[in-house]
Amino acid sequence: QAWLAGGRNPVKFVRNFKRIIGPMADRLMTEMFDGCKGADLVLAPTIGFAGAQVAEHFGIPHALIHFQPSQPTGAFPHPLLPVSLGRAGNRLSFRAVDQVAWQFLRPFVNPWRVEHLGAARLPLLGPMKRVRSSWAPVLCCFSPAVVPRPADWPASVHLTGYWFLDAAD
């Protein structure tokens with residue numbers, strides 16, 4: 001609620017985002033890093049491409065996971081955009097959303113990379129192209145009955161159906 005308290009004022013929105021998300025981002029990335037020690041595979045969503053960065057640091061494979069259709073396609077726009085933009089515009093909408101997210105996260109991710117991974121800062125345009133064009137498979141954790149597989153997704157994109165956590169006995 002504090003983050004959204006700025007209403008429609010973009011300056012207040014960004015200021016509140018940095019103030020509130022910053023400490024949480026560092027803790028989340030550190031916990032993810034610690035959780036990946038000794039792992040054979042890293043499964044992580046695309047946000048900030050942190051999973052790919054940690055996997056690269058440890059020299060282990062990774063796969064991207066999407067809980068909503070976030071893989072570029074011309075069939076529909078990114079789920080955060082309300083209208084179709086035509087095939088080329090739809091495809092670009094995914095890159096635009098990734099880029100906006102990267103610009104919000106870059107001030108948190110880059111210092112963390114330097115401090116915890118001993119890695120260089122990522123460029124202004126971020127790691128998206130490198131990660132998306134890599135060998136990494138993409139697991140889409142939603143039903144093809146809800147979002148049918150677009151014809152232009154590469155073979156490395158797999159619709160797995162929804163993932164459920166088994167109830168504890």
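**Entry 1: the chain as a whole**

I began with the contacts in the protein chain that have a separation of 6 or more, and I found that residues 24 or more positions apart account for 42% of them. I note here that I am reading a predicted model. I then looked up the elements and found 4 helices and 4 strands in the protein chain, which run α-β-α-β-α-α-β-β from the N terminus on. Of the 169 residues in the protein chain, 39% are buried. I also looked up the surface, and the protein chain exposes about 10,100 Å², with carbon and sulfur atoms supplying 63% of that area.

**Entry 2: helix α3**

I turned next to helix α3, which takes in residues 86-117. How far does helix α3 span between its end C-alpha atoms? I found only 40 Å, whereas a straight helix of 32 residues would span 46 Å at 1.5 Å a residue. Looking along α3 for a bend, I found a kink of about 60 degrees at Leu-105, shortly before the proline Pro-107. After the end of α3 comes Gly-118, and I noted that its phi is positive, near 65 degrees.

**Entry 3: helix α2**

I listed the buried residues of α2, and they are Ala-50, Gly-51, Ala-52, Gln-53, Val-54 and Ala-55. A glycine follows this helix as well: Gly-59 comes after α2, and its phi is positive, near 70 degrees.

**Entry 4: aromatic rings**

I searched for aromatic pairs and found 4 in the structure. One of them joins Phe-33 and Phe-58, a stacked pair with 5.0 Å from centre to centre and 25 degrees between the planes. Because Phe-33 lies in helix α1 (residues 10-36) and Phe-58 in helix α2 (residues 50-58), the pair ties together parts that are 25 residues apart in sequence. I checked how covered each ring residue is, and Phe-33 is buried with a relative accessible area of 10%, while Phe-58 counts as partly exposed at 29% relative accessibility.

Is the pair of Phe-33 and Trp-112 stacked or edge-to-face? Their ring centres lie 5.9 Å apart and their planes stand at 75 degrees, so I recorded the pair as edge-to-face. Since Phe-33 is in helix α1 and Trp-112 in helix α3, this pair ties together parts that are 79 residues apart in sequence. Both Phe-33 and Trp-112 are buried. I wrote the three residues down together, as Phe-33, Phe-58 and Trp-112 form one aromatic cluster.

**Entry 5: cysteines**

How many disulfides does a search of the whole structure find? I found 0. To see why, I looked at Cys-140, whose closest cysteine sulfur is the one in Cys-141, and the 7.3 Å between the two sulfurs is too far for a bond. The cut-off for a disulfide is that the sulfur atoms lie within 2.5 Å. Cys-141 is likewise in no disulfide, with the sulfur of Cys-140 as its nearest cysteine sulfur. I also noted that Cys-140 counts as buried at 0% relative accessibility, and that Cys-141 counts as buried at 4%.

**Entry 6: Phe-94 and Pro-69**

I looked up Phe-94, which has its place in helix α3, and found it buried with a relative accessible area of 0%. Leaving aside residues up to four places away in sequence, Phe-94 touches Pro-69, Ser-70, Gln-71, Pro-72, Thr-73, Phe-76, Pro-77, His-78 and Pro-79. For Ser-70 I noted the spacing too: Phe-94 and Ser-70 are 24 residues apart in sequence, yet 6.7 Å apart in space from C-alpha to C-alpha.

I followed this to Pro-69, which is found in the loop between β2 (62-66) and α3 and counts as buried at 13% relative accessibility. With residues up to four places away in sequence again left out, the residues that Pro-69 touches are Phe-76, Pro-79, Phe-94, Phe-142, Val-147 and Trp-153. The C-alpha atoms of Pro-69 and Pro-79 are 6.9 Å apart, and the two prolines are 10 residues apart in sequence.

**Entry 7: Val-146**

Is Val-146 buried or exposed? I found that Val-146 counts as exposed, at 55% relative accessibility. Val-146 lies in the loop between β3 (138-140) and β4 (157-159). My last look-up was its spacing to Gly-161, and Val-146 and Gly-161 are 15 residues apart in sequence and 9.5 Å apart in space, C-alpha to C-alpha.

How values were computed
Residues numbered from 1 in each chain as written. Predicted model: local features only at pLDDT ≥ 70, side-chain atom pairs only at ≥ 80, totals over all residues. Heavy atoms only, no water. Helix = DSSP H or I, 4+ residues; strand = E, 2+ residues; numbered from the N terminus. Expected span 1.5 Å × (residues − 1). Bend = angle between axes of the 7 residues up to and from the residue. Buried < 20%, exposed > 50% of the residue type's maximum accessible area, 1.4 Å probe, protein only. Phe/Tyr/Trp six-rings, centres within 6.5 Å; stacked < 30°, edge-to-face > 60°. Contact = heavy atoms within 4.5 Å. Areas by Shrake-Rupley, 256 points an atom, 1.4 Å probe, with all protein chains shown as cover.
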